[in-house]
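Biologist: I would like a close, step-by-step look at one part of this model, followed outwards to whatever surrounds that part. Please explain each term when you first use it.

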Amino acid sequence: DYERIEIVSNALHGAVYYLISGHGGPDPGAVARYNGKTLTEDEYAYDITLRLARVLISHGAKVYMITRDMNDGIRDGWYLATDKDERVYPNKKIPSGQAERLQQRINVVNKLYVQNKGSYQRMVEIHIDSRSKGNGTDVFFYYNPQSVAGKRLAESLRSTMAEKYDKHQPGRGYNGTVSARALYMLRNSYPVASFIELGNIHHERDVQRIIMVKNRQALAEWLAQGLIKDYKANKKR
């Protein structure tokens with residue numbers, strides 16, 4: 001249903017994105033129970049990442065989906081059934097060890113970065129956090145402590161998210177943060193990178209952010225607008 005993408009602008013012409021949805025394959029990531037169903041981080045992060053890819057392409061970007069599921073496209077339901085058949089671009093089996101999984105992904109991204117040398121390039125990794133049930137969070141962002149451009153990217157994403165909440169839910173407030181964190185994927189990425197946490201999978205309000213289709217689509221569109229903002233401000237740097 002979503003395989004055809006209408007190009008609506010050239011706002012991201014010349015931009016290259018490497019999108020990674022967290023976990024996958026033998027690792028489901030955060031797990032929670034909701035309405036008698038098991039929710040897994042990898043399925044919801046993947047659906048939102050696919051939606052983000054689609055929006056970026058519609059604005060003229062070149063997009064690589066690094067985590068891939070060959071038989072799961074964008075799904076319009078609150079419950080996304082879990083499986084373990086995800087692969088890594090172009091069609092690599094995901095290892096069982098965490099260190100090997102991270103190394104595999106960053107190797108792929110960095111190889112593609114070299115191939116696209118000279119282009120504006122960004123890596124975006126999307127996760128869903130796991131905290132206690134009472135600990136709700138807004139969408140928040142990490143960047144490599146050594147990357148000035150990474151901080152600018154995260155701040156563009158955060159400010160866009162705040163603007164969207166002010167517009168669509170006035171009075172709600174938005175408390176998402178931008179923080180430096182020396183995560184493996186951020187430290188070792190050749191392209192400028194941002195690591196995004198969408199919320200707490202165990203929190204009643206946060207889980208609505210990921211299970212409701214309209215919310216998953218809104219997240220994708222709002223993140224895309226933040227990426228467009230960063231591109232316009234920094235494409236010549």
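Modeller: Both faces of strand β8 are covered: Y120, R122, V124, I126 and I128 on one side, and Q121, M123, E125, H127 and D129 on the other, are all buried. Buried here means under 20% relative accessible area, whereas exposed means over 50% and partly exposed lies in between, with a 1.4 Å probe and protein chains only. Strands (E, at least two residues) and helices (H or I, at least four) are DSSP runs, numbered from the N terminus. This is a predicted model, in which local features need pLDDT of at least 70 and side-chain atom pairs count only at pLDDT 80 or more, while totals for chains, interfaces and linings use all residues. Residues are numbered from 1 along each chain as its sequence is written, and side-chain values use heavy atoms, with hydrogens and water left out.

In a regular strand, the side chains alternate between the two faces of the sheet. Ten of the ten residues of β8, which covers residues 120-129, are buried, so the strand is largely enclosed by the rest of the structure.

Next come the partners of β8, where two strands pair if DSSP finds at least two bridges between them. Strand β1 (residues 15-21) is joined to β8 by seven bridges, and the two run parallel; within this pairing, I20 stands opposite E125 of β8. β8 also pairs with β11 in the parallel sense, again over seven bridges, and there D129 has N200 of β11 as its bridge partner.

If we follow β1 a little further, we find that seven of its seven residues are buried, so β1 too is largely enclosed by the rest of the structure. A15, Y17, L19 and S21 point one way from the strand, V16, Y18 and I20 point the other way, and all are buried. β1 is also joined to strand β4 (residues 62-65) by four bridges, and these two strands run parallel, with V16 standing opposite K62 of β4.

Residues of β1 and β8 appear again when we turn to T49, which lies in helix α1 (residues 41-58). T49 has a relative accessible area of 0% and is buried. Not counting residues up to four places away in sequence, T49 touches L19, I20, S21, M65 and I126, where contact means heavy atoms within 4.5 Å. The side chain of T49 also reaches the backbone oxygen of A45 at 2.6 Å.

Helix α1 in turn meets helix α6 (residues 213-234): the axes of the two helices come within 8 Å and cross at roughly 50°. That makes α1 oblique to α6, since angles under 35 degrees count as roughly parallel, over 145 as roughly antiparallel, 65 to 115 as roughly perpendicular and the rest as oblique. The axes are lines fitted to C-alpha atoms, for helices over the stretch in contact, and the angles run from 0 to 180 degrees between N-to-C directions. Among the residues that meet are Y44, D47 and I48 in α1 and V213, R216 and Q217 in α6.

On the side of β11 (192-200), the loop between that strand and α5 (204-211) holds H203. At 15% relative accessibility, H203 counts as buried, and, leaving aside its neighbours within four places in sequence, H203 is in contact with K133, G134, N135 and G136.

A further helix, α2 (residues 98-115), contains V108, which counts as buried at 9% relative accessibility. V108 and Y18 are 90 residues apart in sequence, but 9.6 Å apart in space, C-alpha to C-alpha. Leaving aside neighbours within four places in sequence, V108 is in contact with I66, V88, Y89 and K92.

Two of those contacts, V88 and K92, lead to another sheet, since V88 stands opposite K92 in β7. Strand β6 (residues 87-88) is joined to β7 by two bridges, and the two run antiparallel. Three strands form this open sheet, in the order β5-β6-β7, with antiparallel pairing. β5 (67-68) and β7 (92-93) stand at its edges with a single partner strand each, so one side of each is left without a neighbour in the sheet.

Key
A polar contact is a pair of N or O atoms within 3.5 Å; within protein, one must be able to donate a hydrogen and the other to accept it, and residues adjacent in sequence count only if both atoms are side-chain atoms.
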